[in-house]
Amino acid sequence: MLEFIEFGIKDIVDVVLVALLLYYAYRLMKESRSLNVFIGIIFFVILWLFVSQILEMKLLGSIMDKLVSVGVIGLIVIFAEDIRKFLYNVGSHQRVRTLRRLLSLGRSDAASQNNKKMMMPVVMACMNMSKRREGALIVIERSVPLDDIVQTGDQIDANVNQQLIENIFFKNSPLHDGAMIIAHQRIKAAACILPVSHNLDIPKELGLRHRAAMGISQESDALAIVVSEETGSISVAVKGVFRLRLTAEALESILSQELA
């Protein structure tokens, strides 16, 4: 009874935090199709605690202690991408983004004005390519740098220009395959290779461009605009979510909102 009474507020907070940690780990593993691995890890941890803390089996407990120490390093290596995604989600949380904007308030106004000037050439180029059913994939960098992606393509470093965008994605152009990266209001590179999403919820009628757009939006806060070569429809991937079949007005509205 005495031990129950000593269970205070700090212990309740401790239990709640552990429960939240396990819940988010469960969600992360489920999304990455590693749920069975997560269940196996939980079973091993429970067995380890039972052997070392309750039964106090020193030899077996010592062996399992060593396995846990080595296993943590192994898990970090195996689930490096999932851990990176989790930390990115934490950093992109609304409150964290708000704090980040407050810290860079002086710089954000000028950047916002420049982004607005950049939007219309992108929107007009996408509408023209949509009418001609020319496939395109345009990625606009935000706070997460895409330097590693830029290095996979051909360097351009030019002003954002409607005619240039359309020429790059012209069917006979050597740069039309792959993605165009726009960063700091400039076209940095074309024919870039993006990480492809393996999300099973993506509709089957969407092709490789859409999967690449989803992939980069899941791994960064970039905006990915896709013009379908088959249908001419325009889509935008933002934070792992697609917005499909957009009009020029809808595309401009999304860009204005996200790049503000």
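What follows walks through the sheet, the nonpolar cores and the salt bridges of this predicted model.

The sheet makes a handy starting point. Seven strands form an open sheet, and reading across it gives the order β2-β4-β3-β1-β5-β6-β7, with mixed pairing. At the edges sit β2 (154–159) and β7 (241–243), each of which pairs on one side only. Direction aside, neighbouring strands of this sheet are turned against each other by 20 degrees on average. Strands β3 and β4 run antiparallel and are joined by 4 bridges. Across from Ile187 in β4 stands Ile182.

Helix α10 (residues 208–219) lies across β1, β5, β6 and β7, and runs at about 175 degrees to β5. One residue of helix α10 worth a look is His210. Is His210 buried or exposed? With a relative accessibility of 5%, His210 counts as buried, because the cut-off for buried is under 20%. Setting aside residues up to four places away in sequence, His210 touches Val226, Ser228, Ser235 and Phe242.

Next come the cores. In soluble globular proteins, nonpolar side chains tend to be buried together. Here, the largest nonpolar core holds 32 residues, and those that touch the most other members are Ile138, Ile140, Ile165, Ile182, Ile225, Leu251 and Leu255. Two or more residues apiece come from the helices α7 (105–132), α9 (162–168) and α11 (248–258), and from the strands β1 (136–140), β3 (179–183), β4 (186–192), β5 (223–227) and β6 (234–238). Helix α7 gives the largest share of this core, with 8 residues. As for Ile165, what does it touch beyond its neighbours within four places in sequence? The contacts of Ile165 are Pro121, Val122, Ala125, Met129, Ile138, Val160, Met180 and Ile187. Another core, of 21 residues, lies apart from the largest one; Cys192, Ala212, Ala222 and Phe242 are among its members. Phe242 has already come up as one of the residues that His210 touches.

That leaves the charged side chains. A search of the whole structure turns up 7 salt bridges. One of them pairs Glu134 with Arg132, at 3.2 Å from N to O. How do the two partners sit with respect to the surface? Glu134 counts as buried because its relative accessibility is 5%, whereas Arg132 is partly exposed, with a relative accessible area of 40%. Arg132 and Glu134 also belong to a network of salt bridges that includes Glu166.

Another salt bridge brings together the side chains of Asp157 and Lys188, with 3.6 Å from N to O. This pair links distant parts of the chain, as Asp157 is in strand β2 and Lys188 is in strand β4, 31 residues apart. Both partners are partly exposed: Asp157 has a relative accessibility of 42%, and Lys188 has a relative accessible area of 24%.

Helix α10 comes back into the picture with the salt bridge between Glu229 and Arg209, at 3.4 Å from N to O. Why does this pair tie together separate parts of the chain? Glu229 lies in the loop between β5 and β6 while Arg209 lies in helix α10, so the pair ties together parts that are 20 residues apart in sequence. Glu229 counts as partly exposed, at 34% relative accessibility.

Note on methods. Residues numbered from 1 in each chain as written. Predicted model: local features only at pLDDT ≥ 70, side-chain atom pairs only at ≥ 80, totals over all residues. Heavy atoms only, no water. Core = buried A, V, L, I, M, F, W, Y, C linked by side-chain atoms within 4.5 Å. Buried < 20%, exposed > 50% of the residue type's maximum accessible area, 1.4 Å probe, protein only. Contact = heavy atoms within 4.5 Å. Pairing = 2+ DSSP bridges. Axes fitted to C-alpha atoms, helices over the stretch in contact; angles between N-to-C directions. Salt bridge = Lys/Arg side-chain N within 4 Å of Asp/Glu carboxyl O.
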